[in-house]
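Work through the exercises below with the sequence and the structure at hand. Try each task before reading its solution.

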Amino acid sequence: MKTKNVDYLNGKLFPMILKFSIPAAISLLITAIYNIVDRMFVGNFNGTSALAGLSVCFPAIMNLKK
């Protein structure tokens, strides 16, 4: 198996930024879509109190998953 060494000190900066930021941006987009869809279902079927509870608890739940 061939391994590729990456020189973080002397390499080109922009390609490295793109290489590491694209997966982070995709995961943030997936989290945002999940949050929007979740709020739509909770808001339509459970009312404003459940939506307020979701708004308060969602950041705490996402921090626990780390």
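**Exercise 1.** Find where Phe-41 and Phe-45 lie, and decide how their rings are arranged.

*Solution.* The model is a predicted one.
- Step 1: Both Phe-41 and Phe-45 belong to helix α1, and they are four residues apart, about one turn of the helix.
- Step 2: An α-helix has 3.6 residues a turn, so residues three or four places apart point the same way.
- Step 3: A pair of aromatic rings is described by the distance of the centres and the angle of the planes.
- Step 4: For Phe-41 and Phe-45, the ring centres are 5.9 Å apart and the planes meet at 25°. Centres within 6.5 Å make a pair, and planes under 30 degrees apart count as stacked. The pair is therefore stacked.
- Step 5: The structure holds one aromatic pair.

**Exercise 2.** Is Phe-45 buried or exposed? Classify Ile-26 and Leu-29 as well.

*Solution.*
- Step 1: Buried means under 20% relative accessible area, exposed means over 50%, and partly exposed lies in between.
- Step 2: Phe-45 has a relative accessible area of 62%, so Phe-45 is exposed.
- Step 3: Ile-26, in helix α1, has 45% and is therefore partly exposed.
- Step 4: Leu-29, also found in helix α1, reaches 52% and so counts as exposed.
- Step 5: The buried residues of α1 are Met-16, Asn-35 and Val-42.

**Exercise 3.** Check the span of helix α1 against the expected value, then locate its bend.

*Solution.*
- Step 1: Helix α1 covers residues 13-45, and the number of its residues is 33.
- Step 2: The expected span is 1.5 Å times one less than the number of residues. For α1 this gives 48 Å.
- Step 3: The end C-alpha atoms of α1 are 48 Å apart, so the two values agree.
- Step 4: The bend, of about 30°, is at Ser-21, and the proline Pro-23 follows within four residues.
- Step 5: Just after α1, Gly-47 has a positive phi of about 95°.

**Exercise 4.** Which residues form a nonpolar patch on the surface?

*Solution.*
- Step 1: The members are Phe-14, Leu-18, Ile-22, Ile-26 and Ile-30.
- Step 2: Together they have about 500 Å² of accessible area.

**Exercise 5.** Describe Leu-9 and Lys-4 by place, accessibility and distance to a residue elsewhere in the chain.

*Solution.*
- Step 1: Leu-9 lies in the segment before α1, and so does Lys-4.
- Step 2: With 79% relative accessibility, Leu-9 counts as exposed. Lys-4 is exposed at 74%.
- Step 3: From Leu-9 to Met-40 there are 31 residues in sequence and 46 Å in space, C-alpha to C-alpha.
- Step 4: Lys-4 and Ser-21 are 17 residues apart in sequence, with 19 Å between their C-alpha atoms.

Notes
Residues are numbered from 1 along each chain as its sequence is written. This is a predicted model: local features need pLDDT of at least 70, side-chain atom pairs count only at pLDDT 80 or more; totals for chains, interfaces and linings use all residues. Side-chain values use heavy atoms; hydrogens and water are left out. Patches are made of residues with over 30% relative accessible area and no salt bridge: like charges are joined within 9 Å, nonpolar side chains (Val, Leu, Ile, Met, Phe, Trp, Tyr) within 5 Å. Accessible areas come from the Shrake-Rupley method with a 1.4 Å probe; for residues, only the protein chains shown count as cover. A salt bridge is a side-chain nitrogen of Lys or Arg within 4 Å of a carboxyl oxygen of Asp or Glu. Helices (H or I, at least four residues) and strands (E, at least two) are DSSP runs, numbered from the N terminus. Buried means under 20% relative accessible area, exposed over 50%, partly exposed in between (1.4 Å probe, protein chains only). Rings of Phe, Tyr and Trp (its six-membered ring) pair if their centres lie within 6.5 Å; planes under 30 degrees apart count as stacked, over 60 as edge-to-face and the rest as tilted. The bend at a residue is the angle between axes fitted to the seven residues ending there and the seven starting there.
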